[in-house]
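Q: Please take a close look at a single part of this structure, starting from one pair of side chains. Then set that part against the rest of the chain.

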Amino acid sequence: MTSSTINNEKSSLVLLKAYQFGDDAAFSELYSMYVQTMLNYGRCITSDVELIKDCIQDVFVKMLDRRDSLKITSVSSYLIVSLRNRLLDEFRKASYNNVTDLDRATNMRMADDVEKAYLDAENERLGHAKIVYLLNALTPRQREAFQLYYLDERKYDEICDIMNMNYHSVRNLVHRGMIKLRTAAV
């Protein structure tokens, strides 16, 4: 984690404590601090932005309801894990029985997204189109691990907790994703 990430985490814990002691403005600041990060993370899992927004809302409503009983040591990890779990719950409600079905459904959605991304990329700079192409070459799990490690600057231990995987599996996902990106870039 970078020093700014550590500082953000410390300030978010201070805001959480202030909220627990009755400062509702602190809760609003927490929401403002993390809503965009959560939205970006949710987009790694699904392209349904409205579903992501609803699930983010649910996570924060749950925090509102459990003000006194929250025992959080890392606000960012708590919010990301809660969002992931909430999205998985929604997929299960839509008759997806397990993570394998989620991966299969995400792959189907990604195929549609790749076509749309290709059409949109024609209107954008060539460099941007190359990045989109490379990221879409990854599996959904690789892309999730890649975003958490490289873009969100999470440590492997945190990624293990978020993705509910063991350490070596997460390292393999990141490593194989990087190999796939290098191969696709050639």
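A: In this predicted model, the side chains of Glu144 and Arg84 form a salt bridge with an N to O distance of 2.9 Å. Because Glu144 belongs to helix H7 and Arg84 to helix H4, the pair ties together parts that lie 60 residues apart in sequence. Both Glu144 and Arg84 are buried. For Glu144 the relative accessibility is 4%, and it counts as buried because the limit is under 20%.

Arg84 is one of several partners of Glu144. Leaving aside residues up to four places away in sequence, Glu144 touches Tyr41, Ile45, Arg84 and Met163. With Tyr41 there is also a polar contact, side chain to side chain, at 2.4 Å. Tyr41 and Ile45 fall within helix H2 (24–45), and Met163 within helix H8 (156–163). The surroundings of Glu144, itself in H7, therefore draw on H2, H4 and H8 as well.

How many salt bridges does the whole structure hold? A search finds 7. Others can be set beside the Glu144 and Arg84 pair. In H4, the helix that carries Arg84, the side chains of Asp89 and Arg92 meet at 3.5 Å, N to O. These two are 3 residues apart in H4, so about one helical turn separates them. Asp89 is partly exposed at 36% relative accessibility, and Arg92 is partly exposed at 40%. Another pair sits in helix H3, where Lys53 and Glu50 make a salt bridge of 3.9 Å, N to O. That distance still qualifies, because the limit is within 4 Å. Lys53 and Glu50 are also 3 residues apart, about one helical turn. An α-helix has 3.6 residues a turn, so residues three or four places apart point the same way. Lys53 is partly exposed, with a relative accessible area of 41%, while Glu50 counts as exposed at 51%. The label for Glu50 follows because exposed means over 50%. Further salt bridges form a network that links Asp58, Arg86, Glu90 and Lys93.

H3 (49–65) can be followed further. With 17 residues at 1.5 Å a residue, H3 should span 24 Å, and the distance between its end C-alpha atoms, 24 Å, agrees. Which residues of H3 are buried? They are Leu51, Ile52, Cys55, Ile56, Val59, Phe60 and Met63. Just past the end of H3, Arg66 is found in the loop that leads to H4 (75–93). Arg66 is partly exposed, with a relative accessible area of 36%. Its C-alpha atom is 9.3 Å from that of Gln20, although the two residues are 46 apart in sequence.

Met63 of H3 also leads into the nonpolar interior. In the largest nonpolar core, which has 37 residues, Leu16, Met38, Met63, Leu79 and Leu87 touch the most other members. At least two residues of this core come from each of helix H1 (3–20), H2, H3, H4, H7, H8 and helix H9 (167–185). H2 gives the largest share, with 8 residues. In soluble globular proteins, nonpolar side chains tend to be buried together. Leu16 shows how one of these members is placed: beyond four places in sequence, it touches Leu30, Met63, Leu70, Ile72 and Val75. A second core, separate from this one, has 5 residues, including Leu138, Phe146, Met178 and Leu181. Phe146 falls within H7 (140–151), the helix that holds Glu144.

The chain as a whole gives the setting for these contacts. It has 9 helices and 0 strands, and so its pattern along the sequence reads α-α-α-α-α-α-α-α-α. Of its 186 residues, 39% are buried, Glu144 and Arg84 among them. Among contacts with a separation of 6 or more, 65% join residues 24 or more positions apart. The chain exposes about 10900 Å², of which carbon and sulfur atoms supply 53%.

Back at the starting point, Glu144 and Arg84 form a buried pair that joins H7 to H4, whereas the Asp89 and Arg92 pair stays inside H4 and the Lys53 and Glu50 pair inside H3.

Methods. Residues numbered from 1 in each chain as written. Predicted model: local features only at pLDDT ≥ 70, side-chain atom pairs only at ≥ 80, totals over all residues. Heavy atoms only, no water. Helix = DSSP H or I, 4+ residues; strand = E, 2+ residues; numbered from the N terminus. Buried < 20%, exposed > 50% of the residue type's maximum accessible area, 1.4 Å probe, protein only. Expected span 1.5 Å × (residues − 1). Core = buried A, V, L, I, M, F, W, Y, C linked by side-chain atoms within 4.5 Å. Contact = heavy atoms within 4.5 Å. Areas by Shrake-Rupley, 256 points an atom, 1.4 Å probe, with all protein chains shown as cover. Polar contact = N/O pair within 3.5 Å; in protein donor to acceptor, adjacent residues only side chain to side chain.
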